[in-house]
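Me: I have a structure open and would like a close look at one part of it. Could you walk me through that part and then connect it to the rest of the chain?

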Amino acid sequence: MPPTHGDAPDRTTGDHRRNPRRRGEELERAILAATLEELAEVGYAGLTMERVAARARTGKATLYRRWPGRAELVVDACAAHRLSDADLPDTGALRTDVIAALRRLSARLAASHGDILRGLLTEIMHDPEFARLVRERVHTAGPGAIQAVLRRAVARGEIEPWVPASRRATVAVDLLRNHYLLHGAPIPEEVVTEIVDDVYLPLLLAPPAAPPLPSHGAAAGDT
């Protein structure tokens, strides 16, 4: 019976068996990093489990024990390499925290992360199952590190507690990503500050929309 953890010999790949055995998180990090490298090099269309296994210097069977196919592997790789709370400084104010977050994201988009994003968006348009996985495993996790920024702002009393869970929370990241997709990188500094000052902060500070008034049917006798 084959082992359930760590590198497993796979006769279809090269000389990865000469490498030290890796297990658990170390091995998973290597596989996810190899997946992103493959995406940057050949795109989703050219990515295969065999190629990822060879780049990660492990066996193909090791990948299949963790992920049933390349779609799940790619989604997990992208989710694992989003900006984390640790990537962002705490400047002490909502505005400068958001600007710092958008600058970090802009730098990632200017690197290979941006090319990967373009390729995946193309696949989402043509592969409904892949699109479903992205919605379930990536978007449902919230807007990433920007949530940490918003939680700090709530703790400082800068915004209301309902804001981080609202649709408003993702607007700054959405606008930055859309600018990149339309105009490419690098994203000018003035675009970042315009997104924050002209759109995002006014939106976060605005009160919630009033609930709609109940509708009433026409009274008897009305014409």
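Which residue forms a salt bridge with R152, and how far apart are the closest N and O atoms?

Reply: Happy to take that one. Please keep in mind that this is a predicted model. The partner of R152 is D97, and the closest N and O atoms of this salt bridge are 3.3 Å apart. The pair ties together distant parts of the chain, with R152 in helix 8 and D97 in helix 5, 55 residues apart. Both R152 and D97 are buried.

A further bridge also reaches helix 8. The side chains of D90 and R156 meet in a salt bridge, at 3.5 Å from N to O. D90 sits in the loop between helix 4 and helix 5, while R156 belongs to helix 8, and 66 residues separate the two. Here the surroundings read differently from those of R152 and D97, which are buried: D90 is exposed, with a relative accessible area of 52%, and R156 counts as partly exposed at 31%. As a general point, side chains of opposite charge can pair when their charged atoms come close.

Helix 5 and helix 8 also come together through nonpolar residues. The largest nonpolar core has 30 residues, of which L94, V98, L102 and Y200 touch the most other members. Helix 5 (94–110), helix 8 (146–156), helix 9 (171–183) and helix 10 each supply at least two residues of this core. V98 gives a good view of the packing: leaving aside neighbours within four places in sequence, V98 is in contact with I146, V149, V196 and Y200. In soluble globular proteins, nonpolar side chains tend to be buried together. A second, separate core of 25 residues includes L36, L47, V52 and V74.

That second core leads us to helix 1, with L36 among the buried residues of this helix. The others are L27, I31, L32, A34, T35, E38, L39 and Y44. What covers the buried residues of helix 1 includes helix 2 (49–56), helix 3 (60–66), helix 4 (70–80), helix 6 (112–126) and helix 7 (128–137).

Helix 1 has an unusual geometry to inspect on your screen. Helix 1 spans residues 24–46, and its 23 residues would reach 33 Å as a straight helix at 1.5 Å a residue, but the end C-alpha atoms are only 27 Å apart. There is also a kink of about 85 degrees in helix 1, centred on A40. At 40% relative accessibility, A40 counts as partly exposed. Leaving aside neighbours within four places in sequence, A40 is in contact with S112 and I116. A40 and G114 lie 9.1 Å apart in space, C-alpha to C-alpha, although 74 residues apart in sequence.

Charged pairs appear around helix 1 too. The side chains of E41 and R51 meet in a salt bridge, with 3.3 Å from N to O. This pair links E41 in helix 1 with R51 in helix 2, 10 residues apart. E41 is exposed, with a relative accessible area of 51%, whereas R51 counts as partly exposed at 33%. Salt bridges that share partners join E37, E38, E41, R51 and R55 into one network. The structure holds 15 salt bridges in total.

Now for the chain as a whole. There are 10 helices and zero strands. Buried residues make up 39% of the 223 residues. Among contacts between residues at least 6 apart in sequence, 68% join residues at least 24 apart. The R152 and D97 pair, 55 residues apart, is one example of a link between distant parts of the chain.

Finally, a word on confidence, which may help if you plan to work with the coordinates. The mean pLDDT of the chain is 83, and 78% of its residues reach 70 or more. Among the elements, helix 10 (residues 189–205) has the highest mean pLDDT, 98, and helix 7 the lowest, 83. Two stretches stay under 50 in pLDDT, namely residues 1–17 and residues 218–223. For residues 1–17 the model has 37 contacts beyond four places in sequence, while for residues 218–223 it has zero.

Notes. Residues are numbered from 1 along each chain as its sequence is written. This is a predicted model: local features need pLDDT of at least 70, side-chain atom pairs count only at pLDDT 80 or more; totals for chains, interfaces and linings use all residues. Side-chain values use heavy atoms; hydrogens and water are left out. Helices (H or I, at least four residues) and strands (E, at least two) are DSSP runs, numbered from the N terminus. The expected span of a helix is 1.5 Å times one less than its number of residues. The bend at a residue is the angle between axes fitted to the seven residues ending there and the seven starting there. Buried means under 20% relative accessible area, exposed over 50%, partly exposed in between (1.4 Å probe, protein chains only). Contact means heavy atoms within 4.5 Å. pLDDT is the predictor's confidence in each residue, from 0 to 100. A nonpolar core is a set of buried Ala, Val, Leu, Ile, Met, Phe, Trp, Tyr and Cys residues joined through side-chain atoms within 4.5 Å. A salt bridge is a side-chain nitrogen of Lys or Arg within 4 Å of a carboxyl oxygen of Asp or Glu.
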